[in-house]
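Biologist: I should like to learn how to read the features of a model such as this one. May we take them one at a time?

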Amino acid sequence: DLHRVDRRQRQMCKETGQHSVTGLRLILVDDVMTTGSSARAAAQCLLDQGAKDVRVWTLARTLPPSLA
(Lines give C-alpha, C1' and ligand atoms only; values in the text may rest on other atoms or scores of the structure.)
Protein backbone atom coordinates (compact mmCIF):
# COMPACT_ATOMS: atom_id res chain seq x y z
CA ASP A 1 0.00 0.00 0.00
CA LEU A 2 1.54 3.28 -1.15
CA HIS A 3 0.24 5.33 1.77
CA ARG A 4 1.83 2.93 4.27
CA VAL A 5 5.18 3.22 2.47
CA ASP A 6 4.89 7.03 2.45
CA ARG A 7 4.16 7.08 6.19
CA ARG A 8 7.07 4.73 6.89
CA GLN A 9 9.44 6.88 4.81
CA ARG A 10 8.36 10.08 6.58
CA GLN A 11 8.88 8.43 9.98
CA MET A 12 12.35 7.17 9.00
CA CYS A 13 13.34 10.59 7.68
CA LYS A 14 12.26 12.17 10.94
CA GLU A 15 14.35 9.69 12.96
CA THR A 16 17.49 10.05 10.83
CA GLY A 17 17.39 13.86 10.77
CA GLN A 18 19.61 14.16 13.86
CA HIS A 19 22.94 13.69 12.07
CA SER A 20 24.27 15.11 8.82
CA VAL A 21 24.79 12.55 6.06
CA THR A 22 25.69 15.08 3.37
CA GLY A 23 28.32 13.66 1.03
CA LEU A 24 28.61 10.32 2.84
CA ARG A 25 28.60 6.88 1.21
CA LEU A 26 26.47 4.67 3.43
CA ILE A 27 25.68 0.98 3.84
CA LEU A 28 22.37 -0.17 5.34
CA VAL A 29 22.42 -3.70 6.75
CA ASP A 30 19.15 -5.61 6.83
CA ASP A 31 19.00 -9.05 8.45
CA VAL A 32 16.02 -10.35 6.42
CA MET A 33 14.50 -8.62 3.41
CA THR A 34 10.86 -9.37 2.70
CA THR A 35 9.55 -6.84 0.17
CA GLY A 36 12.43 -4.38 0.31
CA SER A 37 10.09 -1.44 0.95
CA SER A 38 11.66 -0.48 4.29
CA ALA A 39 15.21 -0.58 2.90
CA ARG A 40 14.10 1.36 -0.18
CA ALA A 41 12.39 4.03 1.95
CA ALA A 42 15.39 4.37 4.27
CA ALA A 43 17.82 4.62 1.35
CA GLN A 44 15.66 7.26 -0.36
CA CYS A 45 15.43 9.26 2.85
CA LEU A 46 19.21 9.28 3.24
CA LEU A 47 19.68 10.28 -0.40
CA ASP A 48 17.13 13.07 0.04
CA GLN A 49 19.16 14.31 3.03
CA GLY A 50 22.31 14.56 0.92
CA ALA A 51 24.01 11.15 1.12
CA LYS A 52 26.24 10.58 -1.90
CA ASP A 53 25.50 6.86 -2.20
CA VAL A 54 23.46 4.29 -0.24
CA ARG A 55 23.90 0.53 -0.60
CA VAL A 56 21.78 -2.14 1.08
CA TRP A 57 23.39 -5.37 2.24
CA THR A 58 21.00 -8.17 3.15
CA LEU A 59 21.83 -11.38 4.99
CA ALA A 60 18.71 -13.30 3.87
CA ARG A 61 15.64 -12.79 1.73
CA THR A 62 12.24 -14.40 2.08
CA LEU A 63 10.93 -16.40 -0.85
CA PRO A 64 8.07 -14.96 -2.89
CA PRO A 65 4.78 -16.85 -2.30
CA SER A 66 5.02 -18.45 -5.75
CA LEU A 67 8.28 -20.19 -4.73
CA ALA A 68 7.50 -20.99 -1.10
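Biologist: What percentage of the 68 residues in the protein do buried residues make up?

Modeller: Let me say at the outset that the model is predicted. A residue counts as buried when its relative accessible area is under 20%. Buried residues make up 19% of the 68 residues here. The accessible surface of the protein comes to about 5300 Å², and carbon and sulfur atoms hold 56% of that area.

Biologist: How many helices and strands does the secondary structure comprise, and in what order do the elements run?

Modeller: The protein has 2 helices and 2 strands. Read from the N terminus, their order is α-β-α-β.

Biologist: What share of the contacts with a separation of 6 or more comes from residues 24 or more positions apart?

Modeller: Such residues account for 83% of those contacts. One pair that is distant in sequence is I27 and V54, which are separated by 27 residues along the chain, while their C-alpha atoms are 5.7 Å apart.

Biologist: Which residues are in contact with I27, leaving aside its neighbours within four places in sequence?

Modeller: Contact requires heavy atoms within 4.5 Å. By that criterion, I27 touches R55 and W57 once the neighbours within four places are set aside. I27 itself lies in strand β1.

Biologist: Which residues make the nonpolar surface patch?

Modeller: The patch consists of I27, V29, W57 and L59, and its area is about 480 Å². Strands β1 (25-33) and β2 (53-61) each supply at least two of its residues.

Biologist: Why can I27 and V29 qualify for a patch as regards accessibility?

Modeller: A patch residue needs over 30% relative accessible area. I27 meets that condition because its relative accessibility is 44%, a value that counts as partly exposed. V29, also placed in strand β1, meets the condition because its relative accessible area is 60%. V29 is therefore classed as exposed, the cut-off for that class being over 50%.

Biologist: How many salt bridges are counted, and which residues form a salt bridge?

Modeller: The general idea is a side-chain nitrogen of Lys or Arg within 4 Å of a carboxyl oxygen of Asp or Glu. The count comes to 1 salt bridge. R55 and D53 form a salt bridge, with their closest N and O atoms 2.9 Å apart.

Biologist: Is D53 buried, partly exposed or exposed?

Modeller: D53 has a relative accessible area of 24%, so D53 is partly exposed.

Notes: Residues numbered from 1 in each chain as written. Predicted model: local features only at pLDDT ≥ 70, side-chain atom pairs only at ≥ 80, totals over all residues. Heavy atoms only, no water. Patch = residues over 30% accessible without salt bridge, like charges linked within 9 Å, V, L, I, M, F, W, Y side chains within 5 Å. Areas by Shrake-Rupley, 256 points an atom, 1.4 Å probe, with all protein chains shown as cover. Helix = DSSP H or I, 4+ residues; strand = E, 2+ residues; numbered from the N terminus. Buried < 20%, exposed > 50% of the residue type's maximum accessible area, 1.4 Å probe, protein only.
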